[in-house]
Amino acid sequence: MTTLDIIQVLLFIALLIGLTPVLGKYMYKVFTGEKQFMHPVFGWLEKLIYKFIKVNPDEESNWKSYTFGLLLFNLVGFIFVFLIQLFQAQLPLNPANLPNVSWHSAFNTAVSFMTNTNWQGYAGETTLSYFVQMIGLAVQNFVSAATGIAVIIAVLRGVSRKNTDKLGNFWSDLTRSTLYILLPLSILFAVVLVGQGVVQNFNANETVQTLQGAEQVLPMGPAASQIAIKQLGTNGGGFFNTNSSHPFENPTPFSNFWEMFAILLISAALTYTYGKMVGSTRQGWTIFSVMMLLFVTGLAISLYGEYSTNPVFGHISSMEGKETRFGITNSVMWSTSTTAASNGSVNSMHDSLSPLAGMVAIVNMMLGEIIFGGVGAGLYGMFVFVILTVFIAGLMVGRTPEYMGKKVGAFEVQMAIIANLSTSFVILIFTAWAAVSSYGLSSLNNAGPHGFSEILYAFTSAAGNNGSAFAGLNANTLFYNLTLGIGMLIGRFGVIIPVLAIAGSLAGKNITPNSAGTFRTDTWLFAGLLIAVILIVGGLTYFPALSLGPIIEHLLMNSGITF
Amino acid sequence: MSTRQINSLFNKKILLQATKDSFTKLNPIILIKNPVIFMVGIGSVLTTIAVISGIFSGNFSGFNLQIAIWLWFTVLFANFSEAIAEGRGKAQADSLRKSRIQTMARRLVGDKEEMVAAPELRRGDVVICDAGDVIPSDGEVVEGIASVDESAITGESAPVIRESGGDRSAVTGGTKVISDRILVKITSEPGDNFIDRMIALVEGAKRQKTPNEIALSILLAGLSIIFLLAVVTLPAFFGYSLSASGLPMSQNLTIPVLIALLVCLIPTTIGGLLSAIGISGMDRLLQRNIIATSGKAIEAAGDVDVLLLDKTGTITLGNRMATNFFPADGISESDLAHAAQLSSLSDETPEGRSIVILAKEKFDFRGKEIHQKNAVFIPFTAQSKMSGVNLTDAKGIVHQIRKGSSEAIRSFILNGNGFFPKKMEEKVAELARMGATPLVVAEDNKVLGIIQLKDIVKGGIKQRFAQLRTMGIRTVMITGDNALTAAAIAAEAGVDDFMAEATPEDKLRRIRLEQTNGHLVGMIGDGTNDAPALAQADIGIAMNSGTQAAREAGNMVDLDSNPTKLIEVVEVGKQLLMTRGALTTFSIANDVAKYFAIIPAIAVSLYAGKDGIGPLSALNVMNLGSPESAILSAVIFNALIIILLVPLALKGVAYRPVSANTALIRNLVIYGFGGIIAPFVGIKIIDLIINLFA
């Protein structure tokens, strides 16, 4: 690593720490209805939307109707995206005359974009029309991210309120996060990206002659607008198949830095919103620190893995699968960020990462996408671990465990366990299924433990709603489209529903005031405990699976064997 | 740990019974109440089947047999821990029960009395108890007054007074009337009086899981399911790796190995000890002579963060005592003390006696000397609010010495054309401000001085409150005194807050207010008018000497009727919760080492080179002897740790009155870090021993 690499890493982290309170405070104002500077710009539109969908934003609902509204909205979105793919040939904005998509691929893609996963079993530029990309996918990019934010805001209301069953209004939360957070930020990011050379047009793909005289097809389309939201909303679904390694998606080192930063920005800032909502920014920073510590550790291990000598090839580090304009540090930072924050966009081939860096990528996702995580999703996933930590360690102070003055009882524990089980179920059961079935194994590109890692990665990515792929796996088959689709649904709603249930239950409770007898959740001690619980409860389950994949591969590589 | 506890823990009879019970508890219907241990039970059966089918198919595996044996031991050890906790409770209950078996009662039917056995008494029956009779069942004195020996249930040998009406009318079955005769109206149905209920509770027969225990069980069951997922999917991952290594599928993991892994990962330690911890919590309260009507109450005691404490009896000694004499100008202190003593000789109240004692201590006056003189004692009456003595001296002149409240003495003096000195007036006001009660002594029409009566704050109570404060518990003193007096005592005792001139309604209102603000309130009381407040409080401890209404309203009864007990109850509650948390943390932290023992052992052949040792052997950080011994060591450790921790579960983790943060760090270091390290050491040692014999 050069000094410049180190400076870049530090700059990245410093910028993230610096902007967290700025954006966090702004988001707090958005959701508490305080006046903020975007009000004059989009206020009229917000009111118009409420009028159009006949919703009174001040009318709040309990957790069940909040969840019901959320599920209904997502279902409608799913059906819409599913149908327009099935009939894209008959729909406008299809200059390349792409045919209709197969039902199982359409199912997978619709689920994928609705759940903020953006797993792509297809190649964007050769499969989907501009209409599908813009009206279907880009819209889902916005609303799936907004859904995640709405959930965490509802959770925070549950934590901070007392003796009520009201968690807020889903439609207004959805509208506000889209209009005041995602839309302005996307515009800002898109403009910068266009400035860096990202394409933004409605032209058909162009065919040009290369210097050697060969013919090459240059893909076109409204890329910049979709890239901004795919990064900011931790969606990750690339406009082009090679995602952010494509020069039209990510042309320069600056655009790369900018896009990487966008991955973590909102999720990091939400921790500050968290602190503001519960009335103590220390609480928010504690969670931020846990995320940051896990992130930096993962990054360090990945960098170590990539920069250490591969005994098989004998040279220092491997550029296989990486773009020369980004180099190793930028590729590894991206792979760590994109898997930490269930984004899933890539700027290098994760399949070619060293076993250690590949393992970090998988572990980031296995922990439940809580290291910053998806927008909203990362924080409510972390919230589940906070509940578990409070319950396990809280007893040790000699009181019924409580979080923010709320007693954590059987119901909360049960829901937290269900949320945890959902992810484990998808990762373990589906990977096992694929590892013993011919339709699972036939898609493999590599043999040995690396092949196993590819399957493990795919289902982990689905369960964590990440969407990135090891890419060695041919996932556009009936088996993978369906299992991954179901996995994404369980990984998304198997967490959202229990988390909202916890919020509903907590909202109804009274708040015990702080005292010397209170189990503190805003200290380094708690941060350490939380990390321990995340690693032992969230991570150890996968130790056998990891042992047979990346760990064994790493050990084998050190003794000179690769796959 | 006192010798008594050690004795009862290792009592042969209890051990024998507990060993027997460990086997009867193998009944699946009983076992399923504990999902984690039930899972181990199923694993034991499956492994045993694997061993037996191995014998019949001719490839008997000694390794599988050993696993099976240790799995059965794991289940038995868990059962044993519960059985021994129950056994100890039973032993305590049995001694109480003995007193009741042979009791006959004299039931009053109309005017006649008839002899019936105690268990036949119904609620509403009236029985006669003379001196020497054992009171047959719980009841209320409806006629008469008697002294009762309650040592059978309280261990306190001094008899207590029980009388009809008022706050001391409740009697408990099994106690003995020592003097007089009372009529007792039975207030409980057979088999449901206090002792019966207590016996049922400590024996675990009626024990219901507490809210916290339920939540913890859910967590443990959930973790078990997650680990079950990890284990059932392992053969698929393993099979893939076998084919990738070019090994035959017959080398895939066997059922006994998978079960061994599962049992090591699921939280068997806390799962096995959970009910023992709960039962022993009850038991620890019982050792302090407190009966909780539910396990839930003990748990809530740990959560209490506001304590309402009656001033009298809890914070101060029962009565006010004379502490100082303040003579008027021209009077010596000894003259004042002398007059004060004379005026108090006929005052039989504790306050009066304390004046006599103070005079004796300070100036060595003796009452005897005075008796010889020609004296007429004027006792205290509600009208005069004074007591005193009329002395006839040698000349035949009568001197009237009086002692009483400043108002009473003032009018006494003014009647004799005397005057009340301004300086004394000021002193009276000053003392009142300080929270003391001033009594004025006068002779004829002259003020001699003031006696200061003070509440004596119990020794060590201030430190106790300071400890409570570090634990985050707020204390509120309740008193009928006026605000000035209350404030002074509150300051001296170091309570956080006080309620002066408090009526029972005020108490109830205060409890509700605290609860609305999110606090959990504990209180102790005895009177009928305390009943609503006791019922409203999260922890209401009724004194055994209190009324039946109070006892039914509370969720605990203190057999010793000692108000300071409230603090101990809180400590027992906290200790119970801490023990659960500590062992849960220990149990979960154990998993790290077990993975490092088992994973390299089962994967040793994968992707192996010519030496037959696969790369995952690098994870064998403990350098365990062989794959078989590694797995076996983990299973053995897992079983033994349950039995080793039984004393801790019964005794509870060491409890100190410290802040939440300090307690957390302490427990984390011991049970968190200890939980990670202990199995590494333990498994290694067991492995060394196994390989020594192998």
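Student: In which helix is the place of Glu628(B), and what makes Glu628(B) count as partly exposed?

Tutor: In this predicted model, Glu628(B) has its place in helix α25 of chain B, which covers residues 627-651. Buried means under 20% relative accessible area and exposed means over 50%, with partly exposed in between; Glu628(B) has 43% relative accessibility, and therefore it counts as partly exposed. Its C-alpha atom is separated by 8.7 Å from that of Ile602(B), and these two residues are 26 residues apart along the chain.

Student: Why does Ser275(B) count as buried?

Tutor: The relative accessibility of Ser275(B) is 10%, and because buried means under 20%, this residue counts as buried. Ser275(B) is placed in helix α11 of chain B, residues 268-287.

Student: What makes the pairing of the side chains of Ser275(B) and Glu82(B) a polar contact?

Tutor: A polar contact calls for a pair of N or O atoms within 3.5 Å, one able to donate a hydrogen and the other to accept it. The side chains of Ser275(B) and Glu82(B) make such a contact at 2.4 Å, so the distance lies within the cut-off of 3.5 Å.

Student: Why are α8(B) and α10(B) called roughly antiparallel?

Tutor: The axes of helix α8 (residues 211-232) and helix α10 (residues 255-265) of chain B come within 9 Å and cross at roughly 155°. Angles over 145 degrees count as roughly antiparallel, and therefore α8(B) and α10(B) are described in that way. The crossing in which α8(B) passes α10(B) is right-handed. From α8(B), the residues in the contact are Phe227(B), Leu228(B) and Val231(B), and from α10(B) they are Leu258(B), Leu261(B), Leu262(B) and Leu265(B).

Student: How many residues of each class does the contact of α8(B) with α10(B) have?

Tutor: It has 7 nonpolar residues, with no polar and no charged ones. Phe, Leu and Val are among the residue types that count as nonpolar, and the contact is made by residues of these types.

Student: What angle do the axes of α4(B) and α8(B) make where they cross?

Tutor: They cross at roughly 35°, and the axes come within 9 Å. On the side of α4(B) the contact is made by Pro35(B), Val36(B) and Met39(B), and on the side of α8(B) by Leu220(B), Ala221(B), Ser224(B), Ile225(B) and Leu228(B). By class there are 7 nonpolar residues, 1 polar and no charged. Ser is not listed among the nonpolar or the charged types, so it counts as polar, and Ser224(B) is one of the residues in this contact.

Student: Why is Pro35(B) called partly exposed?

Tutor: Its relative accessible area is 34%, and that value falls between the limits of 20% and 50%, so Pro35(B) is partly exposed. Pro35(B) is found in helix α4 of chain B, residues 35-56. Its C-alpha atom and that of Gly271(B) are separated by 8.1 Å, with their positions 236 residues apart along the chain.

Student: Turning to chain A, what makes α3(A) roughly antiparallel to α17(A)?

Tutor: The axes of α3(A) and helix α17 (residues 478-507) of chain A come within 9 Å and cross at roughly 155°. Because an angle over 145 degrees counts as roughly antiparallel, that term applies to α3(A) and α17(A). Among the residues making the contact are Trp63(A) and Asn74(A) of α3(A), and Phe493(A) and Gly504(A) of α17(A). The residues of this contact divide into 9 nonpolar, 3 polar and no charged.

Student: Why does Asn250(A) count as buried?

Tutor: At 0% relative accessibility, Asn250(A) is under the limit of 20%, and so it counts as buried. Asn250(A) is found in the loop between α8 (223-232) and α9 (253-278) of chain A. Leaving aside neighbours within four places in sequence, its contacts include Glu259(A), Arg325(A) and Trp334(A).

Student: What is the phi of Leu93(A)?

Tutor: Leu93(A) has a positive phi of about 55°, although it is not a glycine. Most residues other than glycine have a negative phi. Leu93(A) lies in the loop between α3 (63-86) and α4 (103-114) of chain A. With a relative accessible area of 38%, between 20% and 50%, Leu93(A) is therefore partly exposed.

Notes. Residues are numbered from 1 along each chain as its sequence is written. Chains are lettered from A and ligands numbered from 1 in the order in which they are written. This is a predicted model: local features need pLDDT of at least 70, side-chain atom pairs count only at pLDDT 80 or more; totals for chains, interfaces and linings use all residues. Side-chain values use heavy atoms; hydrogens and water are left out. Axes are lines fitted to C-alpha atoms, for helices over the stretch in contact, and angles run from 0 to 180 degrees between N-to-C directions. Helices (H or I, at least four residues) and strands (E, at least two) are DSSP runs, numbered from the N terminus. Angles under 35 degrees count as roughly parallel, over 145 as roughly antiparallel, 65 to 115 as roughly perpendicular and the rest as oblique. A crossing is left-handed if the near helix is turned anticlockwise from the far one by less than a right angle, and right-handed if clockwise. Contact means heavy atoms within 4.5 Å. Buried means under 20% relative accessible area, exposed over 50%, partly exposed in between (1.4 Å probe, protein chains only).
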